[in-house]
Structure formats: C-alpha cells, structure tokens
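Welcome to a short tour of aromatic rings. Please open the structure in your viewer and get ready to select some side chains.

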Amino acid sequence: MIRENKKTLDDDEASDSMSQANGAMGDRGAYPVTAIVTYAICSVGMILMNKMMTAKYKLIRPVQLLMLQSLAGTLLGFTMKRTRMADIIDLDAKVMIRWLPLSCIFVAMLGTSLMSLSSMSMAMYTLLKNGAMFLTAIGDVYIYDRKLSSDHILAFYLMGLGSVLSTGVDRWITTSGLVWTTLNILFTAGYNLYLKKFLSDHKEYGGHWVTMYYNNLLSLPLLLPFCFGGLDGFVREVSALEYDGKLSLFVFTVAGALLSVSSLFCLHETTPTTYTVVGATCKIPNIILGAIIFDQYPTKQGVLGIVVAFAGIFLYTSASIHDRAYHDAKKKNACETPPEDDLERGK
C-alpha cells in the first residue's frame with residue numbers, strides 16, 4: 001500500500017512483533033470479522049486513492065501529498081499519545097538519530113509509489129511490487145541468516161514468471177513507470193530490512209502505534225524544505241478540483257492514518273496468520289477494481305500472468321505460515337523441555 005504498513009521480511013514476522021508489542025491492549029477481541037473487513041477495505045482503499053490522486057485528478061505532487069498524509073498520521077499519533085489510548089514512549093536523541101534514516105527511506109518509498117501509480121496500471125504495479133518481497137527475502141538470507149524453503153523459491157519463480165508474462169504485453173507500462181517502480185522496490189526492501197534491524201535493537205519501539213507515529217512525525221522535517229517549492233501550483237490545482245476531487249483528497253489525506261488504525265485493529269482481533277492472508281488476498285480486488293475504475297484492462301496473456309503470479313503469492317504466504325507454525329512449535333517444545341540439570345535431579 002503506499003502506506004503499506006511497513007512490514008519486515010515477512011508479514012508473519014512483522015505482524016507477530018507488532019501484536020506482541022500491543023499486547024497490553026488485552027486478549028484477542030470478539031470482532032474478528034469486523035476487523036478483517038475493515039482492514040481489507042482500508043488496505044484496498046489506500047492504493048485506490050493513491051492511484052485516483054495521480055491518475056484521475058492529475059495531482060502528481062508527491063511531496064505535498066505526503067505532507068498531508070504525514071500531518072494526519074502525526075495528529076492521530078499525538079492524540080493517542082496524549083490521551084494515553086496508546087502506549088507511545090518518547091524518543092531519546094540517540095534513537096532519533098538512528099530513526100532518521102528509516103524515515104528517509106519511508107518517505108522515498110511512499111513518494112516513488114505515488115509516482116509509479118501515476119505512470120502504470122494498478123495490475124502491473126501490484127505484480128511488479130512482488131520484487132520487493134524477493135529482495136527483502138534475499139537480504140534476510142544474507143544479513144539475518146534466514147533459510148528459504150523450496151516452496152519459497154518456487155513461489156518467487158512463479159511471481160517472476162507471472163510478472164514477465166503480464167508486463168510484456170501490457171499497454172499501460174511506461175518507461176518512467178518501470179523506473180519509478182524499480183526505485184520503489186529497492187526502497188521498500190531497504191525499509192523492511194532496516195526496520196527489522198532497528199526493532200531488534202530497540203524492542204521498546206516495536207509497537208504499531210510507535211512506528212506509525214514517529215515515522216510520520218520525523219517525515220515532516222524531511223518533507224518541509226521541499227514542500228514550498230510547488231505549493232502555489234498544488235493550491236491552484238486543488239482549488240480547481242470539483243467537489244468529488246476535493247472529497248477524494250480528504251479521504252486520501254486520512255487514508256494512511258485509517259489504514260494504521262485498521263491494521264492495529266485486525267492484529268488485535270485476529271492472529272498474525274490471518275493478518276498475513278488478508279494482506280495477500282487484498283491484492284486481488286486491487287487489480288480488479290483498478291482495471292474497472294481506471295479502464296486499464298489486461299490482455300488475455302496479462303490475465304494469465306496475473307493468475308501465475310497470484311499462485312506464487314499464495315504459495316509464498318502458505319510457506320511462510322508453515323514456517324511460522326514450525327518455529328512456534330520448536331519454541332513451545334523448548335520451553336516445555338526441562339533443563340538437563342532438572343532431568344538429572346529427577347533420576
């Protein structure tokens with residue numbers, strides 16, 4: 001999503017760490033269906049609004065648009081912090097210095113996402129974005145010594161094959177779109193890997209609200225120096241919008257914050273596995289609605305590529321869930337197995 005909840009190597013790991021960090025909110029709730037539907041609507045709506053702003057209303061002003069979203073996210077986080085509805089701890093100077101590179105990558109990731117959507121179809125954007133998953137996994141293998149299963153490798157092959165089949169015949173692909181999407185993939189993978197390292201060193205900042213608040217807060221000084229350059233043009237373009245355009249801009253502004261809230265709600269009411277599956281499934285309506293709303297229908301070969309790529313996406317999700325269950329079982333067995341000294345005493 002542009003505000004694609006900023007996941008670590010795999011959605012299971014990310015959602016698990018976030019749900020643990022927010023465990024103070026209590027046990028899992030009684031509204032799992034509501035949470036899933038809300039998160040799905042916000043996730044799909046976010047990417048649609050990004051496309052709407054850049055493609056339909058021609059507001060190709062990534063700095064000003066991101067400034068609005070960051071202000072909304074900061075205001076929400078500040079309100080939650082002051083009212084004590086969320087446990088958001090203060091940053092010290094040393095941690096803030098380490099967080100700034102993360103915010104820089106965060107801004108670059110969101111900005112290149114907007115530019116990508118302005119110059120290609122949502123279907124191709126969704127498929128090509130799987131490259132970020134691949135690069136993150138490769139980085140995790142070399143940096144964090146993660147092992148990839150044969151199912152993961154096959155999944156990446158299917159995603160790559162599907163992308164090649166689709167992009168080769170898609171008439172909505174542009175050179176600038178490919179450049180922006182490539183940059184977005186690199187920034188997304190870099191964000192995932194850096195975030196994982198940062199949270200492993202500073203677990204106290206691992207809560208979902210904490211990450212959302214400080215990412216948006218520290219984005220403001222990064223965006224502000226570049227915001228005034230095209231501000232007059234942005235104001236003129238917004239003023240020229242009809243009522244539906246201005247309403248869409250308002251929804252776009254609050255969409256990032258709403259996605260963060262719905263993501264937290266889904267994590268609290270369901271399980272990390274459910275959260276992962278919902279995230280993967282949301283890519284289907286993204287492609288369908290994007291084709292219908294923006295009249296950017298894929299060719300028959302493009303549809304075949306989409307089917308192949310989604311086979312890879314769901315295989316990857318299944319393999320990740322299986323790995324998670326395996327590691328959870330190992331941790332549980334390790335906790336239940338008494339130390340050797342205790343075994344000796346029992347003899």
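A residue counts as buried when its relative accessible area is under 20%, and as partly exposed when the value lies between that and 50%. Keep in mind that this is a predicted model.

**Stop 1: a helix with two rings.** Select Phe310, which has a relative accessible area of 8% and is therefore buried. Now add Phe314: at 32%, this residue is partly exposed. Both belong to helix α14 (residues 300-336), and because they are four residues apart there, about one helical turn separates them.

**Stop 2: a pair between two helices.** A search of the whole structure finds eight aromatic pairs. For one of them, select Phe134 and Phe156, whose rings are edge-to-face, with 5.3 Å from centre to centre and 80 degrees between the planes. Which helices hold these two rings? Phe134 is in helix α6 (residues 130-144) and Phe156 is in helix α7 (residues 150-167), so the pair ties together parts that are 22 residues apart in sequence. Is Phe156 buried or exposed? With a relative accessibility of 10%, Phe156 is buried, while Phe134, at 37%, is partly exposed.

**Stop 3: a cluster.** Select Trp99, Phe198, Tyr213 and Tyr214 together, and you will see one aromatic cluster.

**Stop 4: charges over rings.** Select Lys51 and Phe294: the charged end of Lys51 sits over the Phe294 ring, 5.7 Å from the ring's centre. Finish with Lys196, which lies over the face of Tyr144 at 4.8 Å from the ring centre.

How values were computed:
Residues are numbered from 1 along each chain as its sequence is written. This is a predicted model: local features need pLDDT of at least 70, side-chain atom pairs count only at pLDDT 80 or more; totals for chains, interfaces and linings use all residues. Side-chain values use heavy atoms; hydrogens and water are left out. Rings of Phe, Tyr and Trp (its six-membered ring) pair if their centres lie within 6.5 Å; planes under 30 degrees apart count as stacked, over 60 as edge-to-face and the rest as tilted. Buried means under 20% relative accessible area, exposed over 50%, partly exposed in between (1.4 Å probe, protein chains only). A charge sits over a ring if NZ of Lys or CZ of Arg is within 6 Å of the ring centre and within 35 degrees of the ring normal.
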